[in-house]
Every structure is written in C-alpha cells, then in structure tokens.
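Dear colleague,

I am passing a structure on to you, and since it will be new to you, I have set out below what was found in it. Please look through the sequence and the 3D view before reading on.

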Amino acid sequence: MVFHLITGAITAFMLYTAVPGSDLFSWHPTLMTIAFCLLMSQAIVIFSPESSLLQNSSRADKIQLHWILNVFSILAAAGGFGSIYLNKEIAGKKHFTTWHGQFGLATCVGVILAALGGVAAKYSGTLRNYVRPINIKLYHATGALVVFSLAMTTMCLACYSNWFRKRVDGYLWRCVFWSPVILVVCVARQVTQSYLPRVAKPSSSAPAVTTERKRAQQPQQAAKEKAQ
C-alpha cells in the first residue's frame with residue numbers, strides 16, 4: 001500500500017506544482033510523471049503478490065491490464081518528450097545537454113525496447129523453439145527494471161533543475177528526491193523474487209546425468225582395485 005501512496009502523492013504533487021496547461025513546458029513534468037511514476041509503476045506492481053491491487057484477479061486479466069497501462073504510459077511519455085523538445089526548439093536551446101536530459105533520452109529509447117520485449121513475452125509460446133519462454137519473460141522483466149530505474153534516476157536528477165528548485169525546497173524537496181529511490185527498490189525486489197528462483201532451479205535432468213557418470217566410473221574403479 002505504501003508503494004501506491006507514494007506514486008499517487010508524487011503524481012498529485014507534480015500536477016499541483018507544474019500547473020499543466022499554464023505553458024508548453026508544464027506538460028513535460030506532468031506527462032512524464034504520469035507516464036513513469038504512476039502508469040508504468042502500477043503496470044509493473046500489478047504482478048506483485050504483496051502490493052498488487054488485484055490480488056484475486058486471474059493472471060490473464062493482470063496481463064491485459066499490464067499492457068493497457070503501458071500503452072497509455074508510452075503515449076504520455078511521447079507527449080512529455082514532444083513538449084520539452086518543442087519548447088527548446090522555440091527557445092533556440094540545445095537538446096540533451098544535462099544529465100537529466102541524457103538519462104531521459106536513454107529512458108525513452110529503453111521504453112521502446114522494453115515494449116518490443118513485452119510483445120515477445122506475450123507470445124513467448126510461439127518462440128519456444130528458439131528461446132525458452134521463461135528466459136524471454138526474464139529478459140523482459142529485467143529490461144523493464146532497467147528502464148524503470150533509468151526513469152526514476154531521471155526524476156531524481158530533475159530535482160536539481162532550476163525549474164524545480166525555484167518551486168520546491170527543504171524537507172519537501174528531500175521527500176520528492178528519495179521517493180523514486182524507494183519505488184526502484186520495491187520493483188527490484190519484486191522482479192528478483194519472482195524470476196530468479198525459477199531460473200536458478202536445477203534442471204530435472206541433472207540428477208540423471210550425475211547417476212550416469214557414477215555408473216560409468218564404477219567399472220574403472222573396479223579395474224583399478226583388481227590391478228592392485
């Protein structure tokens with residue numbers, strides 16, 4: 001529940017601070033916060049056995065809501081990217097000159113790659129002749145974790161922008177700065193607990209292979225004993 005309170009509070013606070021529609025730039029923090037802090041985070045945590053708001057829903061329903069939330073997240077991110085790009089073009093400023101801008105660009109590129117991985121994960125059954133379905137889902141989950149981490153890092157860097165520091169300071173600034181870090185830790189914990197135990201399971205054929213090796217070594221050991 002803490003996860004949902006943080007995402008909701010940060011989104012509401014950013015809407016209040018940015019005042020969407022007041023100018024072209026205002027849509028950048030507004031849409032980016034909605035895209036990554038609200039929609040993408042909820043799309044990921046929907047599979048969490050602890051934090052999901054749909055504990056009793058079927059996995060098929062969760063998957064459907066997962067991709068719906070991500071589609072709207074991508075659309076919001078596209079709007080946020082377009083607003084800051086146009087704003088800088090109008091102002092005659094250079095693009096991607098700060099850490100915030102560079103991490104933001106990497107995040108947007110990563111979102112596209114993660115979306116392609118999501119399509120592959122959804123239809124992993126048809127690709128089983130090439131890659132194990134569990135591996136495809138692991139790659140998608142890991143990639144999504146990287147993208148989400150980039151997005152939250154970008155949010156932390158945004159706290160150092162002139163626009164944000166003029167409007168927020170003190171204890172409230174620290175709360176906004178550390179909130180994305182908490183979200184990343186929660187998502188990382190969910191991904192590692194969901195997939196690493198399944199991947200780390202020893203293959204069922206391992207005991208059989210070990211037994212065969214022991215049987216093959218027995219005649220050699222017997223021959224050595226007779227020779228002695």
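Please keep in mind throughout that this is a predicted model.

I begin with the cysteines, where the search for disulfides in the structure gave a count of zero. For C159, the closest cysteine sulfur is that of C156, and because the two sulfurs lie 6.1 Å apart, whereas a disulfide requires them to be within 2.5 Å, the distance is too far for a bond. C159 is also buried, with a relative accessibility of 2%. Another cysteine, C108, likewise counts as buried, its relative accessible area being 16%.

The next point is the pairing of two helices, α1, which covers residues 2–18, and α2, which covers residues 27–45. Their axes come within 9 Å of each other and cross at roughly 170°, so that α1 runs roughly antiparallel to α2. On the side of α1, the contact is made by F3, H4, T7, I10, T11, M14, L15 and A18, while α2 contributes P29, T30, T33, I34, C37, L38, S41, Q42 and V45. Sorted by class, the residues in this contact comprise ten nonpolar and seven polar ones, with no charged residues.

Two of the residues just named, H4 and Q42, also appear in the surroundings of L53, which is in contact with both of them once its neighbours within four places in sequence are left aside. L53 itself has its place in the loop between α2 and α3, and it is exposed, with a relative accessible area of 57%. Computed along the chain, so to speak, L53 and Q42 are eleven residues apart, and in space their C-alpha atoms are 9.1 Å apart.

Finally, which charged side chains meet in a salt bridge? A search of the whole structure finds one such bridge, and it is formed by the side chains of R189 and E50, with a distance of 2.7 Å from N to O. R189 belongs to helix α7 (residues 170–200), whereas E50 sits in the loop between α2 and α3 (59–91), and the pair therefore ties together parts that are 139 residues apart in sequence. As for its surroundings, R189 is partly exposed, with a relative accessible area of 40%.

With best wishes

Note on methods. Residues are numbered from 1 along each chain as its sequence is written. This is a predicted model: local features need pLDDT of at least 70, side-chain atom pairs count only at pLDDT 80 or more; totals for chains, interfaces and linings use all residues. Side-chain values use heavy atoms; hydrogens and water are left out. Axes are lines fitted to C-alpha atoms, for helices over the stretch in contact, and angles run from 0 to 180 degrees between N-to-C directions. Helices (H or I, at least four residues) and strands (E, at least two) are DSSP runs, numbered from the N terminus. Angles under 35 degrees count as roughly parallel, over 145 as roughly antiparallel, 65 to 115 as roughly perpendicular and the rest as oblique. Contact means heavy atoms within 4.5 Å. Ala, Val, Leu, Ile, Met, Phe, Trp, Tyr, Cys and Pro count as nonpolar, Asp, Glu, Lys and Arg as charged, and the others, Gly among them, as polar. Buried means under 20% relative accessible area, exposed over 50%, partly exposed in between (1.4 Å probe, protein chains only). A salt bridge is a side-chain nitrogen of Lys or Arg within 4 Å of a carboxyl oxygen of Asp or Glu.
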